[in-house]
2 protein chains.
Amino acid sequence: MAVTTRRADAQRNIAAILTAAAECLSRDPAASTSEIAKAAGVGRVTLYGHFPSRAELVDAVFVQAIATGDETLGQVDLTGDPRDALTRLIESSWHLVDQYRALLLAAQDALPPGRMRELHADPMARVERLLERGRSENVFRTDLPTTWLVSVMHNVMHGAASEIQAGRITSAQAAPYITATLLAAFAPPKPE
Amino acid sequence: MAVTTRRADAQRNIAAILTAAAECLSRDPAASTSEIAKAAGVGRVTLYGHFPSRAELVDAVFVQAIATGDETLGQVDLTGDPRDALTRLIESSWHLVDQYRALLLAAQDALPPGRMRELHADPMARVERLLERGRSENVFRTDLPTTWLVSVMHNVMHGAASEIQAGRITSAQAAPYITATLLAAFAPPKPE
DNA sequence: GGTAACTCGTACACTGGTGTTCGACAAGAG
DNA sequence: CTCTTGTCGAACACCAGTGTACGAGTTACC
């Protein structure tokens, strides 16, 4: 974008808008630009001066969230027994999902279809790589496509987030539930 | 509802609106009352004459869908090995989910929170009963709450519906994937 | 201190839906 | 055949949000 020389206060405002948007959208996925601007201590016009539309703002917020999230995920030790590695990865991923759930909903109906998946490419590749390794070591099942397993992981986590929001389970219970469920779902089918 | 004496054409129109709404909402969860009225071959005013608000219309459509769906589910044989019974139940449920997915999204943001769950009570009880039986026969795991297992089933199915919509799997593949995943997830943990 | 970049509030146009009102007209029930 | 019930279209008020235009004021930069 050739950010040649933004004035200092402009940069400060952009940052403020970004973090305010993250907060507001996490509280209410349908938060309006007015709310966000107010929360950022900035006029609505200023907001539109930096982000041409609400959609692009949401996109920017989401990009940032993915970036920091993916960085966290990058620090997870994925070596050793794939089952243990997956447990660690789930733990970390779950925290992120739990945290960014509402933001994700916001992105879902503000961004063009496919954009979400595009942005999730890196974290998804991480999971896929681990699953592939587990498959080659015969500790994960190979009778279902890897992409399906990734999808299951994704949906179980988001389902857990819904359960929490509905008050049926607590955030603390969720992680072990998810882990227990997915490890069983991903194990090779019994020889029977 | 004290349907004392509706005139015949009124009843016909109500039915037409209901089925038209089901169609429209299945195509586009955000379908407007104008679209629905037009599809029903009825004036918008007539629609409002029978349903006080869009929300109540969506509710009525949803109630109807649940009723017919639950009837279908009632015909599934749930006796014998719980794993086989679950397979059959998944098969039937999956068809319904696949069919009514968009309608469900419509209900999600037109109905007050909790209403959906309320309407899902019967089909959910059906699943729970089967799971409980399987648990008592030691073919389903007991280390996780039944409600959690129900939630997993729910989310895996809806995840599959998303995958189909995104064109990543086909409707035919979905059922066996779901079954294979859930049977593994619900089995008792290995003694190890 | 001059200048360009930036911000602010108010106001406005536009959009797309919801729900209501009106009066004229059609159709079913008895 | 009449009267009630229902229907129709067009028009309207309303709402909430998005994005734009203007002009005056402020702030950073050199």
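Me: Which residue places a polar backbone atom 2.9 Å from a phosphate oxygen of DNA strand C?

Reply: That residue is B:R54. The general idea is the polar contact: a pair of N or O atoms within 3.5 Å, where within protein one atom must be able to donate a hydrogen and the other to accept it, and residues adjacent in sequence count only if both atoms are side-chain atoms. Before we go on, keep in mind that this is a predicted model, in which local features need pLDDT of at least 70 and side-chain atom pairs count only at pLDDT 80 or more, while totals for chains, interfaces and linings use all residues. Residues are numbered from 1 along each chain as its sequence is written, chains are lettered from A and ligands numbered from 1 in the order in which they are written, and side-chain values use heavy atoms, with hydrogens and water left out.

Me: What part of DNA strand C lies 2.7 Å from a side-chain N or O atom of B:R44?

Reply: A base oxygen of DNA strand C is the partner of B:R44. With A:H50, a side-chain N or O atom is instead 3.0 Å from a phosphate oxygen of that strand. Next come the secondary-structure elements, where helices (H or I, at least four residues) and strands (E, at least two) are DSSP runs numbered from the N terminus. Two or more residues of the surface near DNA strand C come from each of α1 and α3 of chain A and α1 and α3 of chain B, and α3(A) gives the most, with four residues.

Me: How many residues surround DNA strand C?

Reply: A residue is near a strand if one of its heavy atoms lies within 4 Å of it. For DNA strand C there are 21 such residues, the closest being A:R7, A:N13, A:T46, B:R44 and B:R54. Of the strand C atoms that come within 4 Å of the protein, 62% belong to sugar and phosphate. To sort residues by class, Ala, Val, Leu, Ile, Met, Phe, Trp, Tyr, Cys and Pro count as nonpolar, Asp, Glu, Lys and Arg as charged, and the others, Gly among them, as polar. The surface near DNA strand C then has six nonpolar, eight polar and seven charged residues.

Me: Which residues are closest to DNA strand D?

Reply: They are A:R7, A:R54, B:R7, B:N13 and B:T46, out of 20 that surround DNA strand D. Sugar and phosphate make up 62% of the strand D atoms within 4 Å of the protein. Phosphate oxygens of DNA strand D lie 2.5 Å from a side-chain N or O atom of B:N13, 2.8 Å from a polar backbone atom of A:R54 and 3.2 Å from a side-chain N or O atom of A:R12. α3(B) provides the largest share of the surface near DNA strand D, four residues.

Me: What area do chain A and chain B bury between them?

Reply: Buried area is the accessible area (1.4 Å probe) that two parts lose on being put together, summed over both. Here chain A and chain B bury about 2100 Å², with 66% of it on carbon and sulfur atoms. A:W148, A:Y177 and A:T181 supply 27% of the area that chain A buries against chain B, more than any other three residues. On the side of chain A that touches chain B, α8 (146–165) and α9 (171–186) each supply at least two residues. The most comes from α8(A), with eight residues. By class, this side of chain A divides into 12 nonpolar, four polar and four charged residues.

Me: Which residues does A:A184 touch?

Reply: Contact means heavy atoms within 4.5 Å. Not counting residues up to four places away in sequence, A:A184 touches B:R141, B:A184 and B:A185. A:A184 sits in helix α9 of chain A.

Me: What rotation superposes chain A on chain B?

Reply: Copies are superposed by least squares on the C-alpha atoms of residues with pLDDT of at least 70 in both. The rotation is 180 degrees, with 0.0 Å of shift along its axis and an RMSD of 0.1 Å. That is the relation of a two-fold axis. Of the residues of chain A, A:A185 comes closest to the axis, its C-alpha at 2.1 Å. The copies meet through the same surface, because 100% of the interface residues of chain A are also interface residues in chain B.

Me: How many salt bridges are there between chain A and chain B?

Reply: Side chains of opposite charge can pair when their charged atoms come close. The rule asks for a side-chain nitrogen of Lys or Arg within 4 Å of a carboxyl oxygen of Asp or Glu. Between chain A and chain B the count is zero, although four residue pairs across that interface are in polar contact. Over all chains there are 18 salt bridges. One of them joins A:R126 and A:D70 at 3.1 Å, N to O. That pair links distant parts of the chain, 56 residues apart, with A:R126 in helix α7 (residues 121–136) and A:D70 in helix α4 (residues 54–74) of chain A.
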